[in-house]
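Work through the ring contacts in the model shown here. Each exercise comes with a stepwise solution.

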Amino acid sequence: MKKKLSVIVSTAMALTLFSSVSLGATAAKSSADFSDLNQLDAGTKLKFDAMISAGIFDGVSNGVFGLHDKMNRAQFAKVAALIFGLKVESTLQVSSFSDVSSSDPANGYALPYIEALKAANLTDGFGEGTYNPAGEVTKEQLAAFLIRGLNKDAEAKGTTEVNDSTVSSWAKGYAALAIQLNLLGNQADGTFGGIQPATRDLLVTSSYAAKQLVVPGNTSSGQHSEIHAEDLKAYSLPGGSQAQVKSVLQEKTTDGWRVGTVVKLTNSSNSTIRIPDYELRVKTSDGTDYTLLPSASNARSILPQSDVTLSYMTDINVKSEVSLTDVLWIDVNTKVYPKQETLLADSPVGSIVWRGNDAVINDAALMGQWGASFSIPGVTSSLKYSAASMSKQFTGQSPTYIVQVKVQNSGSYAETIPDFTLSGKSDGQSYIGKRVEESPISLNAGEQKYIHFAVTTDTNTQLKAFYVLTPESFLKQGQTTPIQYYTGRIGFGLPANGGTDASTVPSGGNYTFGTPMVFQQGNEFINPNLAVSLEELHVTNNKETGNKTGLAKFKLINKGDKPIPVPAFAADLAGKDGNTYTGSRQTMGTSDIAPGTGVVVSYGYMIPSTDQSEQYTMNVQGVLSGASQGQPANGSSAYKSTIASYTVSTQSENDHNNVSLYPFKLNIKNWTLTQLMMTTPSISYTYKLNMDLDFTRDPEVIIDNNFSKLKFELIDGFGSSLGSSSFPFTGTNRLVSGTQSLSFNNLTQNQIQNNVSIRVYESVTTPNGEVERFIAELK
């Protein structure tokens, strides 16, 4: 069994550059350099551009990328080493595998990369001392490698395996987790296709997705990258307390500088002690001392085995440059003359001084890459944080970056997330963000959750990084409103695409209608007992308004034994040109889903007629704010976080004999239209539509009075509307199977018309008005 597992790990290695190409091209390339990448949609093209420009991929020949070519294990070894940031000894000429040789004209270039994989414990070969560099890679082998490269092998073993005959028994857990993490997706037929060879297009997108999840150095070799800010030394003070500097602020004011310091005092004794009498001062590089005033809200004592934070501040009326070097604790004896001053402690602070809006983190050790783990400086805690995903949204005309941060409790006790935020840093400007979740969030031991930060910038701002900030306050004596400010010490960069993409959540692949969607692990928007599937996506021309109308229908089934509230999620469509269309959710009358039943939630889209997409990216998003449970707001104030993303093909329109109106199927078997003239009390005209209908429906789904209606519109021979009537699927005048007569009384013409046809629409009510999907024209 051990030998078989080693094959699983190492056989999943093949992708990238044609064999003779080495990293180090003189000019950065992009998808525009390859003729077979011109037809990629905008979202996919961004991923290819990111991987090509980074030197991870190249073409198979001049101007040809080889989009659907198969890859071998030697080629993938090179890409894998680059994706996971492995140390590569480029001068190696001898391999530990008998079938890998630097003199091999086809695969010899990969020798250093293959050895890097082995050194990182990502492979021990294909068989007895061999690597099989020319061997193909299957999709399930790729899944296994990506999961292990991300150090999630144990997690895969604990994941519910896919029930899929196209996946080998050993790979079912890897395939399930790869789908769950949006690294790979199912095929159009709903199967994973595990034993099929992986092609370059799939390997590029999955490698891009994996790269977003990589914490630098976090391979299965056990090394982890972490942004680590060293705590300053603690000093003993009279009375039994230990003092430690938590933060130092120095920011410009109109008259000079504002200096603030927060210190932590710890009482390790078994008795309550009072805060010792001392002066807190800051020392500058020229030897000048400035005394800081204590905040009126400072504690007066410290409980046993506890700590307190104390805030101090002063204004320095010096307009020249000031460089803070030390924080001093001074005991001042005023009972003698002249007064005596005794230095109790001297803490060097030059490395942690935070210069407010002008602060720039230049220490590489304090600036991690996107996804690197970090703790909050100055806070004793077992909580670890890492940036997980980012999307760019708009509040009015200003862009807002929504940064999703994963929080993990690695300790043995429950903890509450402390108060901190992120700021976006550009050249010469900082933009303070806010945490979207306003209520306190606690994590049990071993638990993982997500929190979100909204950072709003100016219109044309180019962010360079995010800084982790802690809020502090100082209350002047005699005042009631404290001075609020922020300090920081660590930060991290933006994702690989520089934050220009609409979302860094990897794509889940091609979607098969009716299959349950896999959502981001740990999200709190979709109940685990709720199965969510997309049943329909129609895009039709709207002749009256000159645009297209999109209509998507989701089915939500409660698989649990208790009622589940209808979740407040959003659904956006992104076309091949990169434009995103926000779904307007139908007005919902149902607030809860009973066990064993389901509901349908529809979303309408206004799409320009110039959009020629036949496939769209469906982004399912949790609504973070500005919405109540079960009925999300449609305004710009609702921040969203993508929790699932799939490529979805639009469904072809049915003829009148097979109309899909999920959960209904409608067959308009035949119809006749008659015209009647009424003479009392005045002449008027009425049309009657007699139809023979056949309805079938999914009995698992419950509908209410807010469900969509069928709209029938009379059109004369010149294309003008004579009038319309809408009929529901529930309640009074509902449509039923069998013969049915529908009347049109609200006519705009006072005479009989010839060549009248009937246009049939599905009409959905949303807070933004009616969304109408054209179905058929009866002539």
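Buried means under 20% relative accessible area, exposed over 50%, partly exposed in between (1.4 Å probe, protein chains only). This is a predicted model: local features need pLDDT of at least 70, side-chain atom pairs count only at pLDDT 80 or more, and totals for chains, interfaces and linings use all residues. Residues are numbered from 1 along each chain as its sequence is written, and side-chain values use heavy atoms, without hydrogens and water.

**Exercise 1.** Classify the pair of F664 and F729, then place both rings.

Step 1: apply the criterion. Rings of Phe, Tyr and Trp (its six-membered ring) pair if their centres lie within 6.5 Å; planes under 30 degrees apart count as stacked, over 60 as edge-to-face and the rest as tilted.
Step 2: F664 and F729 have centres 4.7 Å apart and planes at 20°, a stacked pair.
Step 3: F664 lies in strand β36 (residues 664-678) and F729 in the loop between β39 (721-727) and β40 (738-744), so the pair ties together parts 65 residues apart in sequence. Strands here are DSSP runs (E, at least two residues), numbered from the N terminus.
Step 4: F664 and F729 are both buried.

**Exercise 2.** Which residues form one aromatic cluster?

Step 1: the structure holds 28 aromatic pairs.
Step 2: one cluster consists of W370, F374, Y385, F420, F453, F466 and F492.

**Exercise 3.** Over which ring does the charged end of R585 sit?

Step 1: the test requires NZ of Lys or CZ of Arg within 6 Å of the ring centre and within 35 degrees of the ring normal.
Step 2: R585 sits with its charged end over the ring of F569, 5.6 Å from the centre.
Step 3: the charged end of K711 sits over the ring of Y761, at 5.8 Å from its centre.

Technical notes. Helix = DSSP H or I, 4+ residues; strand = E, 2+ residues; numbered from the N terminus.
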